[in-house]
Amino acid sequence: MPFRFTLTNTTTGASTSIDEPVGMDKVSLHLKRDENYHGFLDAVDDSLGSFQFYDAAYSLLKAAHTADGVDADVRLLIEYQCSDTDGYELLYKGKFSFDQYKEIRGASGCYIECPIQNGYDLQTFRSRMNQKVSLDSLSTFDNTGTLTAYDHLGQDIKLNPKTVKLINYATIDTTGDGSNSFTAGEKDQNGQYALNNDQSIHSLADSFPSFFNPEDNTGDSSHNEFTILADNPHEIIPYTTIRSNEFGTFPGGVGDQYFEYGNTLPESVNEIFQYTPDIPYDNNDIQIDIDISGAIIMGIQEDKLAAPHESVEAILLKGLTWEDAKSHHTTYYVRGLRDCQLASGHLTLYDYYGNPYHPEATLVNYITEANAPFAAGDTPTVDYRTFRFTYHEKIQFYPGEKLFLFFIIGKESAPKLHTVFFSSSYNYRNTFYITSGAPPRSDSWSTPVVVEQQMLAPTVPVDGVATAPPTESYIRLTFDSGYKATNTPCYLVNEALSRAVEITTNDSLRVYSEYFGRAGAHASQPYAAPATGAGALTGLTNGLLLRGSSPLQTWHMGYSNFHSTTIDNARLPYTLANHDNLIVSGAGNILIVNDTVDCTVNIPTDLAEPGFGIGTQLIIQQNGAGVVTVAPVLGVTLAAPGGGRTTSGYGSQVLLTKVGPDSWLLAAHAPMFASFQEMIEALNAIHAIGFGLEHDGIRTDHTDRFYVRIEPIRYFYDHTLTLMTCDNVESIETDASAGDAISIFKTGYTKWEAEQANGLDEFLSRREYRTRLRTIRKTLDKQCKYIASGYAIEVTRRKLNTNTTDWRYDNDTFIICLQDNVPDPDNANPQPDYMSESGGLSGATGLLNDQSVYNYRISPARNALRWLPYILNSYADWQNGELLFAAGDGNYTAQGQLTNDPVEGISLNESADLRWDSLADHTQHPAIYRNEVVKFKYPMSYRQWLYINDGNNKYGKIRYNVNDGPYEEGYILDLKYDLFGGMAEFTLRPAI
């Protein structure tokens with residue numbers, strides 16, 4: 001078989017025919033499946049690395065290496081001729097890997113050894129897969145050309161509102177023994193204050209409880225006036241423990257909020273809550289839930305034989321101020337009266353040592369038991385009556401409005417009332433000191449008395465029914481908030497993947513996908529698909545884009561983190577340069593052009609101004625009548641996919657972003673950077689996809705082009721095509737390949753929003769499953785690093801134009817499932833082609849609002865279903881295998897079924913165990929292969945090798961048997977072909 005060898009230096013254009021390299025007789029062709037992505041990237045010849053190039057080949061390779069080093073670009077073309085009358089046909093083409101260049105010089109001659117990779121573009125693609133690029137850029141990596149602007153790169157999508165439950169929540173802290181910090185304000189038997197009102201009783205840990213009245217024993221009723229002591233910290237309404245302040249503020253302790261019963265409202269009441277939203281919600285109907293229990297503790301009763309009828313009235317009002325609230329008091333939100341006789345109890349007096357306290361006879365007038373007098377020597381008690389208020393209604397709030405909650409206390413016979421608020425088992429305890437007889441001295445208050453009840457109010461009245469007090473006295477305000485629909489720049493994955501490949505390979509490779517491609521009015525680019533694929537309506541964006549952040553916004557809001565310079569006379573072209581007034585290393589910079597005449601601002605090359613790093617953003621603002629045009633100098637590429645290159649009037653601006661070496665972008669939004677590697681890993685985790693190189697039969701500019709084919713893994717295993725039959729193989733070796741069996745499977749998303757009240761509702765979080773395999777422990781981790789969390793998207797979206805401070809998601813990539821937009825008929829402005837996919841579920845349970853959920857299509861359970869066929873391969877009996885839920889974060893009880901093209905066959909719970917029949921189309925998706933490896937050798941002709949490598953044939957099956965036994969089939973994992981010996985070495989996966 002005659003061969004012809006040609007070397008070409010693509011940099012210089014030099015090309016020469018060379019003699020057959022030394023080692024050509026040892027060539028073996030090699031076809032290898034990528035173990036992670038299942039496609040075929042390379043038909044590598046392992047032996048080509050040992051070629052030795054002499055003479056003309058040596059000279060060309062050495063010159064290329066001397067001039068360009070590891071970046072030298074030299075191609076090898078090998079052609080063959082079957083007979084003298086036939087023309088030459090392609091056998092192999094490859095690119096030299098100069099990073100492994102080796103030159104040998106000696107007495108026996110000079111030669112070069114340099115490995116070669118198959119395909120002219122493969123080496124560049126593989127070496128730059130993880131290189132982040134600007135998806136807005138129209139420049140190739142090496143500035144070899146300008147790319148076509150794609151319609152759905154950086155084009156707006158509509159983000160539909162997602163319902164978010166916001167909560168403000170506060171409770172009463174009733175831990176411990178009640179308040180122990182009263183100050184003294186009591187009088188001695190002569191009516192004189194024993195201590196000043198702001199002094200604590202000498203050397204006492206506690207002071208008098210406010211219900212105790214040691215004023216006199218004359219029976220004078222003047223002390224029966226309604227009295228409330230203000231120095232009682234545990235008499236504060238509302239609540240002392242603030243659990244959440246998401247859309248307003250609880251001020252915490254607001255002072256005494258209870259007053260004597262009367263016909264007029266109090267002169268002054270402190271607010272307990274103020275509604276202070278940061279953004280304009282489209283709903284401000286706030287659900288108010290209040291449940292509060294308490295008691296009034298009574299002092300002397302004028303008629304010990306009469307049943308007291310003390311009462312507590314709760315009033316809830318709303319207004320911008322208390323005066324405003326009072327002016328509308330005819331419409332009370334709450335005005336409920338509780339007769340406090342319905343449930344009652346007694347607080348018993350004990351001495352300091354815990355013994356029942358027996359005061360002298362003169363004390364019995366002051367502490368009494370309801371409905372019955374008691375004699376000297378009896379253990380005195382203090383009456384209390386309990387109350388409970390509940391309220392569960394919606395109230396419409398407006399920004400700045402306040403909520404006022406207070407209590408009106410009515411008494412019939414008790415001269416003093418002390419009010420406490422508590423939860424279910426509040427231990428009320430207070431200690432005071434008392435003596436009888438002569439007026440006490442400060443050191444004679446020596447007899448401690450403890451008022452104690454282990455469980456205050458075992459029952460409380462609610463609408464005439466005695467009930468248990470609430471577990472927690474609380475006030476909770478919640479509302480399902482919605483924010484207006486907004487637009488955000490988005491990058492559809494088909495175009496994003498292709499753009500990353502095009503930039504890094506200088507447009508030599510592009511992407512084709514029928515799974516991510518689209519047909520119809522908004523067909524995918526660069527290649528339309530015959531039909532819109534299941535993953536086609538998937539978009540990428542980032543946090544900065546979601547919240548509309550850009551230097552333009554920052555400048556307009558008056559922030560000072562911009563360096564600026566002003567050009568007052570710019571009639572001649574002005575070239576951007578680093579100098580004292582324009583420092584490009586900051587967050588952003590502005591060039592203000594003041595002139596009445598049109599002018600031009602030139603963008604210099606990196607060589608002229610090396611300080612302009614990738615990511616630099618500059619604003620050019622027109623401050624005069626003259627229009628400013630932005631233009632690149634020779635060697636600089638300037639793309640303007642989002643608009644023109646000129647200002648449009650006084651105060652107008654253009655935003656420049658450095659997106660690559662000598663490459664700039666004119667756009668009004670933040671840039672979007674991504675690498676092919678990170679995008680394919682994220683999409684692989686969700687969609688179980690793979691990729692490989694295939695011949696590009698669509699492109700017409702070159703006949704030898706390839707594209708990167710991206711499809712579900714199943715695509716790369718064609719069960720309908722038999723490539724070759726190997727009869728009576730001499731020897732077959734089968735390995736168990738247990739390392740491919742899976743025991744633990746992790747899916748979901750590594751980052752999700754869990755900090756707000758909706759964290760437990762977020763289902764786009766982490767999941768872990770297990771198989772029933774017992775003898776192996778291998779984890780398949782397919783957790784996506786992109787953010788799909790609807791709550792993370794929403795809380796970021798709600799920061800639109802509200803601030804310019806850093807946000808924790810600014811530099812994260814978000815993935816969003818889309819659907820065709822339904823424009824508002826009343827909106828005459830241009831509408832985006834796509835909007836976020838919301839709702840579309842049947843049988844939904846366990847979700848806060850199933851009609852506004854984001855990304856249900858790519859929930860962790862559905863991602864697990866897409867991977868299920870490849871995990872069930874781990875079982876010998878794959879049809880009865882299971883993937884068992886083991887653990888999860890967030891909401892793993894959400895359930896529902898997509899109504900449009902579901903992957904699930906039933907209403908699927910996020911914590912359900914998964915089986916073969918969980919798939920919607922399980923009858924069409926059998927498992928692909930067994931986790932085994934079959935190896936054998938078999939004769940092969942070169943024509944058979946060519947057939948296997950023709951088009952997509954390599955995805956087909958090899959048929960084989962041994963000793964006239966039954967035929968089996970397998971998919972190629974690895975195939976080595978000895979070109980001159982005519983023998984092939986097969987490594988196959990047995991097909992199911």
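This report describes one helix, two sheets and several aromatic contacts in a predicted model.

## Helix α1 and residue K62

Helix α1 covers residues 55-68. The helix has 14 residues and spans 20 Å from its first C-alpha to its last, close to the 20 Å expected at 1.5 Å a residue. After α1 comes G69, which has a positive phi near 60 degrees. An α-helix has 3.6 residues a turn, so residues three or four places apart point the same way. The buried residues of α1 are A57, Y58, L60, L61 and A64. These buried residues pack against six strands: β1 (3-9), β2 (15-18), β5 (74-80), β6 (89-96), β7 (102-106) and β8 (109-113).

K62 also belongs to helix α1. With a relative accessible area of 28%, K62 is partly exposed, because that value lies between the 20% limit for buried residues and the 50% limit for exposed ones. Leaving aside residues up to four places away in sequence, K62 touches Y101, E103 and I112. K62 and I112 are 50 residues apart along the chain, and their C-alpha atoms are separated by 7.9 Å.

## The mixed sheet β30-β43-β42

Three strands form an open sheet in the order β30-β43-β42, and the pairing is mixed. Strands β30 (510-512) and β42 (689-695) stand at the edges; each has a single partner strand, so one side of each lacks a neighbour in the sheet. On average, and ignoring direction, neighbouring strands of this sheet are turned by 30 degrees against each other. Between β42 and β43 (residues 706-712) the pairing is antiparallel, over 7 bridges. Within this pairing, H695 lies opposite F706 of β43.

Helix α4 (residues 493-504) packs on the sheet and touches β30 and β43, with its direction at about 150 degrees to that of β30. Helix α7 (residues 676-687) lies across β30, β42 and β43 and runs at about 125 degrees to β42.

## The antiparallel sheet β51-β53-β54

A further open sheet has 3 strands in the order β51-β53-β54, with antiparallel pairing. Its edge strands are β51 (841-845) and β54 (908-909), each of which pairs on one side only. Strand β51 is joined to β53 (residues 895-898) by 3 bridges. One bridge pairs L841 with L898 in β53.

## Aromatic pairs

The whole structure contains 42 aromatic pairs. One of them joins W322 and F406: the ring centres are 5.4 Å apart and the planes meet at 90 degrees, so the pair is edge-to-face. This pair links distant parts of the chain, with W322 in helix α3 (residues 322-327) and F406 in strand β22 (residues 402-410), 84 residues apart. Both rings belong to buried residues: W322 has a relative accessible area of 7%, and F406 has 0%.

In another pair, the rings of F936 and Y960 have centres 5.3 Å apart and planes at 40 degrees, so the pair is tilted. F936 lies in strand β56 (residues 933-939) and Y960 in strand β57 (residues 957-960), 24 residues apart. F936 is buried at 4% relative accessibility, and Y960 is buried at 1%.

## A ring cluster and charges over rings

Ring pairs also link F247, F250, F273, Y275, F397 and F479 into a cluster. Over the ring of F397 sits the charged end of K318, 5.6 Å from the ring centre. Elsewhere, the charged end of R499 sits over the ring of Y150, 4.2 Å from its centre.

How values were computed
Residues numbered from 1 in each chain as written. Predicted model: local features only at pLDDT ≥ 70, side-chain atom pairs only at ≥ 80, totals over all residues. Heavy atoms only, no water. Pairing = 2+ DSSP bridges. Helix = DSSP H or I, 4+ residues; strand = E, 2+ residues; numbered from the N terminus. Axes fitted to C-alpha atoms, helices over the stretch in contact; angles between N-to-C directions. Contact = heavy atoms within 4.5 Å. Buried < 20%, exposed > 50% of the residue type's maximum accessible area, 1.4 Å probe, protein only. Expected span 1.5 Å × (residues − 1). Phe/Tyr/Trp six-rings, centres within 6.5 Å; stacked < 30°, edge-to-face > 60°. Lys NZ or Arg CZ within 6 Å of the ring centre and 35° of its normal.
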